[in-house]
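Biologist: Could you take a close look with me at one place where helices cross, and then show me how it sits among the other parts of the chain? I would like to follow it residue by residue.

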Amino acid sequence: MLQSSIRKYPQKLAMKNNVTLIYNSFLVLGDVLALVLAFITAYLVRAKLFNTPVAHPIHITTYLLVFIGLLPFWIIIFALIGLYDKNIYEKRFSEIGRLLIGSFLGMLFVIFWNFLSKHPIFPAKLVPIFGFIFGFIYLLLIRSLIRFVRTILFSYNVGITNIVLIGDTGITDELAFSLFDSRVSGYRVVGVVGNQRIAHKHPGLKVFGSFSESLKHIKADDLQGIIQTELYSDEEKNREILDFAQENHILYRFVPGNSELFVGNIDVELFRSAIPVIVVHQTALFGWGRIVKRLFDLLFGGLCLIIASPFMIITALLIKLSSPRSPILFKHERLSRFNNRVGIYKFRTFKPEYNTLTPEEAFTKMGRPELIKKYREKGDQLPNNPMVSRLGQVLRSLSLDEVPQLINVVKGDISLVGPRALVDFEMEKSDKKNLILSVKSGLTGLAQVSGRRDISFEERRKLDLYYVQNWSFWLDLTILAKTFRMIVKRTGAI
């Protein structure tokens, strides 16, 4: 069986070609160059641009020799936090974040070494600060240059990884389409096994009836990867593919048929100390993750509430002056984690006659039911929404109507980041309702920063589901940063 074959070869399979190794080598060399340049710059800036004398006169040669001797430890720190892992350096935003963390940790190590050393290695206190700043900037620039050069090489067929796709599934079609342009993807599909439909969509691809047939036309030495998208009922066929990959040191990937089952947090463990099993959690947000997220909501959410208080008071006064008989806030019942109903606070932006109505009820009441479909298709947004007052339009454009939800965050009703808090009938439209509601709803979320007005209701729920199944604290920070940027740019209401 396939499972027994996998246990027979427990080690990871390495690609035969050295593309990844070469790229990682250039990343290491680039990082070394960036850090050396950074500390040379830091030394020169402090020594040449400041009039005050340095506390510890050290010749630049001695200074550099000591620092170069410490560089291997800095590179080890980078490796430990995954900066040479393909899953990180292929994701630009994650790489930037880890570069910042790695630069800080590396600098802490150098400062600690300076503390233990009999002789100071920094001529002045400002040098390590300048070194950290220039180090991060140079690391970012040189890594960007290496990535740019790699993309150019792809267009000359240098560094391309040859792969075979196996399986007659829709995922095979998606992979063939996304990898078709090797100049962008870095992959070349040299053959597809068992999917005759692709031949019509991509005439340039070679399609084979069986894996054995493909081996008659593709040499093992020319192949670096196999991606199988379905398991055959005949286990001999599955074993043939996996054994071929293992014997020829070719990277093997398997895409499960029920892909939604495997997009969450996955653990591989020994059940009863003997049987390897795959554990799929409904969400990556459990255990310590929930504790850290709640603490962050309390601390950062509370700080934001304190800072926003003066603006909330001013906004409340404006609402009261514009409509004295109407309430300043309204409390709308929404769904949050585990189907719990919570009262979400918002500044009133609707006209008084529509304040307690759903969009469907409001548009029907005003005699414009045709707007219901348009409203939902535009992701619950509508230009010049007739339900919204003039002051409400301003508040929404600045996202000030959402600020009172910071009270809900501190109370624990919702989180700073999470799926959009929706009412019952809206959530019923999603067949993944229970999965989405396995975490607290959020003040902002992945859907809000991925298009805001430009994506449909269904697409927003898919993004909510992705967030639930792929949560990480770094993802929360990324979403918050993007939310702040979008508010500053005034690209629409959250």
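Modeller: Happy to, and one term comes up at once: a crossing is called right-handed if the near helix is turned clockwise from the far one by less than a right angle, and left-handed if it is turned anticlockwise. Please keep in mind that this is a predicted model.

The place I would pick is where helix α12, residues 288–322, packs against helix α20, residues 473–489. Their axes are 11 Å apart and meet at an angle of about 30°. Angles under 35 degrees count as roughly parallel, so α12 is roughly parallel to α20. With the term above in hand, you can check on screen that α12 and α20 cross in the right-handed sense. From α12, the residues making the contact are Val292, Lys293, Phe296 and Phe300, and from α20 they are Phe473, Asp476, Leu477 and Leu480. Sorted by class, that contact has 6 nonpolar residues, 2 charged ones and no polar ones.

A residue to visit next is isoleucine 414, whose contacts include Asp297. Isoleucine 414 sits in the loop between α16 (405–411) and β10 (415–417). Is isoleucine 414 buried or exposed? Its relative accessible area is 0%, and buried means under 20%, so isoleucine 414 is buried. Leaving out residues up to four places away in sequence, isoleucine 414 also touches Ser336, Val342 and Ile344, then Gln405, Asn408 and Val409, and finally Lys440, Ser441, Gly442 and Leu443. Leucine 443 is 29 residues away along the chain, yet the two C-alpha atoms are separated by 7.1 Å.

For another helix pair to set beside the first, turn to α5 (residues 92–116) and α6 (residues 126–155). These pack at about 145°, with axes 10 Å apart, and their crossing is right-handed. Among the residues in contact are Ile96, Leu99, Leu100, Phe104 and Met107 of α5 and Phe132, Phe136, Leu139 and Leu140 of α6. The whole contact of α5 with α6 divides into 11 nonpolar, 3 polar and 4 charged residues.

Helices also pack on a sheet here. Strands β3-β2-β1-β4-β5, in that order, form an open sheet with parallel pairing. Its edges are β3 (207–208) and β5 (251–254), each pairing on one side only. Inside the sheet, β1 (residues 161–166) and β2 (residues 187–193) pair over 6 bridges, with leucine 165 opposite valine 192 of β2. Helix α7, residues 170–179, lies across β1, β2 and β4 and runs at about 160° to β1. Helix α11, residues 235–247, touches β1, β4 and β5, and its direction makes about 155° with that of β4.

Just past β2, glycine 194 is in the loop that leads to α9 (198–201). With a relative accessible area of 24%, glycine 194 is partly exposed. Beyond its neighbours within four places in sequence, glycine 194 contacts Gly167, Asp168 and Phe208. Glycine 167 is 27 residues away in sequence but 5.5 Å away in space, C-alpha to C-alpha.

Zooming out, the protein chain has 20 helices and 11 strands, and 46% of its 494 residues are buried. Of the contacts between residues at least 6 apart in sequence, 71% join residues at least 24 apart.

Definitions and conventions. Residues are numbered from 1 along each chain as its sequence is written. This is a predicted model: local features need pLDDT of at least 70, side-chain atom pairs count only at pLDDT 80 or more; totals for chains, interfaces and linings use all residues. Side-chain values use heavy atoms; hydrogens and water are left out. Axes are lines fitted to C-alpha atoms, for helices over the stretch in contact, and angles run from 0 to 180 degrees between N-to-C directions. Helices (H or I, at least four residues) and strands (E, at least two) are DSSP runs, numbered from the N terminus. Angles under 35 degrees count as roughly parallel, over 145 as roughly antiparallel, 65 to 115 as roughly perpendicular and the rest as oblique. Contact means heavy atoms within 4.5 Å. Ala, Val, Leu, Ile, Met, Phe, Trp, Tyr, Cys and Pro count as nonpolar, Asp, Glu, Lys and Arg as charged, and the others, Gly among them, as polar. Two strands pair if DSSP finds at least two bridges between them. Buried means under 20% relative accessible area, exposed over 50%, partly exposed in between (1.4 Å probe, protein chains only).
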